[in-house]
Amino acid sequence: MQTLPYLLDILKYTIAGIGVVWVALYLFKPYLDRAEHVQLLELKRTISNQTLPLRLQAYERVVLFIERVNPASMLVRLNASGMSATELQLLIITEVRNEFQHNVTQQIYVSHRVWNVVKRVKEDTLSLVNSAVKNLPPDASGTDMAKTILIHLSKLEQDPYEIATGLIRQDMEELF
């Protein structure tokens, strides 16, 4: 019979101890959560300070890509005189693909929306070049093709390359 009161005393002290531990955790939990939140914010700030220059550089390179594949600047840079339309088409396609491959790693640092804009600019540029060649006679010169492309671009209500650059600027402004 002596063990029953002893077991009840152990049970009372155990329940009281568990209660004290529970109250202590309940009181300290907000403090611990806040400390964890502060550490997480400091970690994010440190990471942001390291990646922000890389992200800004990626946005710069993406804008440069759009400028380099813009037919208005590409045709001047490639100098279409003396080439046939087919030769110029192959040169432009190679140039656009090389520029894209050179900048493909930038998708890590830019938003999904911006990368979709970049892919769309690439595809639209290739489509524009291919459709320009289809509308020309087989013996057309590179200059004729360049004129056809530039005329098509001038007929557009808004410059798609300016729209793409504007979307990228808008996305970059969201960083700040």
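## A walk through the helices

Let us start inside helix α3, where Gln89 is found. The model we are looking at is a predicted one, so every value here is computed from it. Is Gln89 buried or exposed? With a relative accessibility of 14%, Gln89 counts as buried, because buried means under 20%. Setting aside residues up to four places away in sequence, Gln89 touches Val129, Asn130, Val133 and Met145.

Two of those partners, Val129 and Val133, are among the buried residues of helix α4, so that helix is our next stop. Helix α4 covers residues 112–134, which makes 23 residues. From its first C-alpha to its last it reaches 33 Å, close to the 33 Å expected at 1.5 Å a residue. Its buried residues also include Val114, Trp115, Val117, Val118, Val121, Lys122 and Thr125. And what do the buried residues of α4 pack against? They pack against α1, α2, α3 (85–103), α5 (142–155) and α6 (160–173).

One residue of α4 brings us back to where we began. Leu126 lies in this helix and, at 8% relative accessibility, counts as buried. Leu126 and Gln89 are 37 residues apart along the chain, yet 9.0 Å separates their C-alpha atoms. Leaving out neighbours within four places in sequence, Leu126 is in contact with Ile93, Val96 and Arg97.

Now turn to helix α1, which runs through residues 3–69. Follow α1 to helix α2, residues 71–78, and you will see the two pack at an angle of about 65°, with their axes 5 Å apart. The two helices are therefore roughly perpendicular to each other. On the α1 side, Glu67, Arg68 and Val69 take part, and they meet Pro71, Ser73, Met74 and Arg77 of α2. Sorted by class, this contact has three nonpolar, one polar and three charged residues.

In the loop between α1 and α2 lies Asn70. Asn70 has a relative accessible area of 9% and is therefore buried. Beyond its neighbours within four places in sequence, Asn70 is in contact with Leu153, Asp159 and Tyr161.

Tyr161 also appears in the contact between α1 and α6, so let us look there. How do α1 and α6 lie relative to each other? Their axes come within 10 Å and cross at roughly 175°, and the two helices are therefore roughly antiparallel. From α1, the contact draws on Leu56, Tyr59, Val62, Val63, Ile66 and Val69. From α6 come Tyr161, Ala164, Thr165, Ile168, Asp171 and Met172. Here the residues divide into ten nonpolar, one polar and one charged.

To finish, look for aromatic rings. How many aromatic pairs does the structure hold? There are three. In one of them, Trp22 and Tyr26 are stacked, with 5.6 Å from centre to centre and 15° between the planes. Both residues lie in helix α1, four residues apart, which is about one turn of the helix. Trp22 counts as exposed at 57% relative accessibility, and Tyr26 counts as exposed at 59%. Elsewhere, ring pairs link Phe65, Phe100 and Trp115 into a cluster. Trp115 is one of the buried residues of α4, the helix we visited earlier.

Definitions and conventions. Residues are numbered from 1 along each chain as its sequence is written. This is a predicted model: local features need pLDDT of at least 70, side-chain atom pairs count only at pLDDT 80 or more; totals for chains, interfaces and linings use all residues. Side-chain values use heavy atoms; hydrogens and water are left out. Axes are lines fitted to C-alpha atoms, for helices over the stretch in contact, and angles run from 0 to 180 degrees between N-to-C directions. Angles under 35 degrees count as roughly parallel, over 145 as roughly antiparallel, 65 to 115 as roughly perpendicular and the rest as oblique. Contact means heavy atoms within 4.5 Å. Ala, Val, Leu, Ile, Met, Phe, Trp, Tyr, Cys and Pro count as nonpolar, Asp, Glu, Lys and Arg as charged, and the others, Gly among them, as polar. The expected span of a helix is 1.5 Å times one less than its number of residues. Buried means under 20% relative accessible area, exposed over 50%, partly exposed in between (1.4 Å probe, protein chains only). Rings of Phe, Tyr and Trp (its six-membered ring) pair if their centres lie within 6.5 Å; planes under 30 degrees apart count as stacked, over 60 as edge-to-face and the rest as tilted.
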